[in-house]
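Work through the exercises below with the sequence and the coordinates at hand. Each task is followed by a solution in steps.

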Amino acid sequence: MIRFFQALLRGFFGRCPVCGRGRMFRSFYGLRERCEYCGTEYERTGNQSTGGMAINLVVTILLGFIGGIILVLRWPDAVLPGLALLIVVLTLFHIVFYRCAKGLWLGITSLTGDMEHDG
Ligand SMILES: [Zn+2]
């Protein structure tokens, strides 16, 4: 169980989910091919980003749903401006959180054995 959360945390913060030393991203969104320390290949099949997109989408929709409910219950007279602000915030969140969601997904795939290790 500790290994599970460790891999997820490492992925979330952009570290190699296997060794925790290598950095997964070479730029904000650009994924490295392999870990510089343990040689783990991050995107072996090239379609692992779909899981990251799914996590990102689900979390953004969930936050939008919760934010919408809070908006309607707390500020019923300012729903339209609040909704506009909520859309802007969620759009920015969606853009920034994609990196973390992709890291989370790669942490999950490292636990399923879908990553190839050299060491
Ligand atoms: Zn590594």
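Two residues are in contact if their C-beta atoms, placed from the backbone, lie within 7 Å. The model is predicted.

**Exercise 1. Surroundings of Arg-23**

Locate Arg-23, classify its exposure, and list its contacts, leaving aside its neighbours within four places in sequence.

Step 1. Arg-23 belongs to the loop between helix 1 and helix 2.

Step 2. Apply the contact criterion, leaving aside neighbours within four places in sequence: Arg-23 is in contact with Gly-14 and Arg-15.

Step 3. Count C-beta atoms. A residue is buried at 20 or more others within 10 Å and exposed at 12 or fewer. Arg-23 has 13 other C-beta atoms within 10 Å, so it is partly exposed.

Step 4. Check a distance along the loop. Arg-23 and Cys-35 are twelve residues apart along the chain, and their C-alpha atoms are separated by 6.9 Å.

**Exercise 2. Cys-38**

Where is Cys-38 found, and how far apart in space are Cys-38 and Ala-54?

Step 1. Cys-38 lies in the loop between helix 1 and helix 2.

Step 2. Its C-beta neighbours inside 10 Å number 15, and therefore Cys-38 counts as partly exposed.

Step 3. From C-alpha to C-alpha, Cys-38 and Ala-54 are 27 Å apart, with a sequence separation of 16 residues.

**Exercise 3. Ala-101**

Is Ala-101 buried or exposed, and which residues does it touch, not counting those up to four places away in sequence?

Step 1. Ala-101 is placed in helix 3.

Step 2. Within 10 Å there are 23 other C-beta atoms, so Ala-101 is buried.

Step 3. Not counting residues up to four places away in sequence, Ala-101 touches Gly-52, Ile-55, Asn-56 and Val-59.

Step 4. Ser-49 and Ala-101 are 52 residues apart along the chain, while their C-alpha atoms are separated by 9.1 Å.

**Exercise 4. Helix 3**

Describe the course of helix 3 and the packing of its buried residues.

Step 1. Helix 3 covers residues 79-111 and bends by about 40° at Phe-97.

Step 2. Its buried residues include Arg-99, Lys-102, Trp-105 and Thr-109.

Step 3. The buried residues of helix 3 pack against helix 1 (2-12) and helix 2 (49-74).

Step 4. After helix 3 comes Gly-113, with a positive phi near 80°.

**Exercise 5. The pair of helix 1 and helix 3**

Two packed helices are described by the angle between their axes and the distance between the axes. Give both values for helix 1 and helix 3, then list the residues that meet.

Step 1. The packing angle of helix 1 and helix 3 is about 145°, and their axes are 7 Å apart.

Step 2. The crossing of helix 1 and helix 3 is right-handed.

Step 3. From helix 1, Phe-4, Ala-7, Leu-8, Arg-10, Gly-11 and Phe-12 take part; they meet Cys-100, Gly-103, Leu-104, Leu-106, Gly-107, Ser-110 and Leu-111 of helix 3.

Step 4. Sorted by class, this contact has eight nonpolar, four polar and one charged residues.

**Exercise 6. The whole chain**

What are the secondary structure, the extent and the buried share of the protein?

Step 1. The protein has three helices and zero strands, in the order α-α-α from the N terminus on.

Step 2. The C-alpha trace spans about 60 × 30 × 20 Å along its principal axes.

Step 3. The radius of gyration is 17 Å, whereas a compact globule of 119 residues would have one near 14 Å.

Step 4. Of the 119 residues, 21% are buried.

Step 5. Among contacts between residues at least 6 apart in sequence, 58% join residues at least 24 apart.

Key: Residues numbered from 1 in each chain as written. Predicted model: local features only at pLDDT ≥ 70, side-chain atom pairs only at ≥ 80, totals over all residues. Bend = angle between axes of the 7 residues up to and from the residue. Helix = DSSP H or I, 4+ residues; strand = E, 2+ residues; numbered from the N terminus. Rg over C-alpha atoms; globule rule 2.2 N^0.38 Å. Axes fitted to C-alpha atoms, helices over the stretch in contact; angles between N-to-C directions. Left-handed = near helix turned anticlockwise from the far one by under 90°. Nonpolar A, V, L, I, M, F, W, Y, C, P; charged D, E, K, R; others polar.
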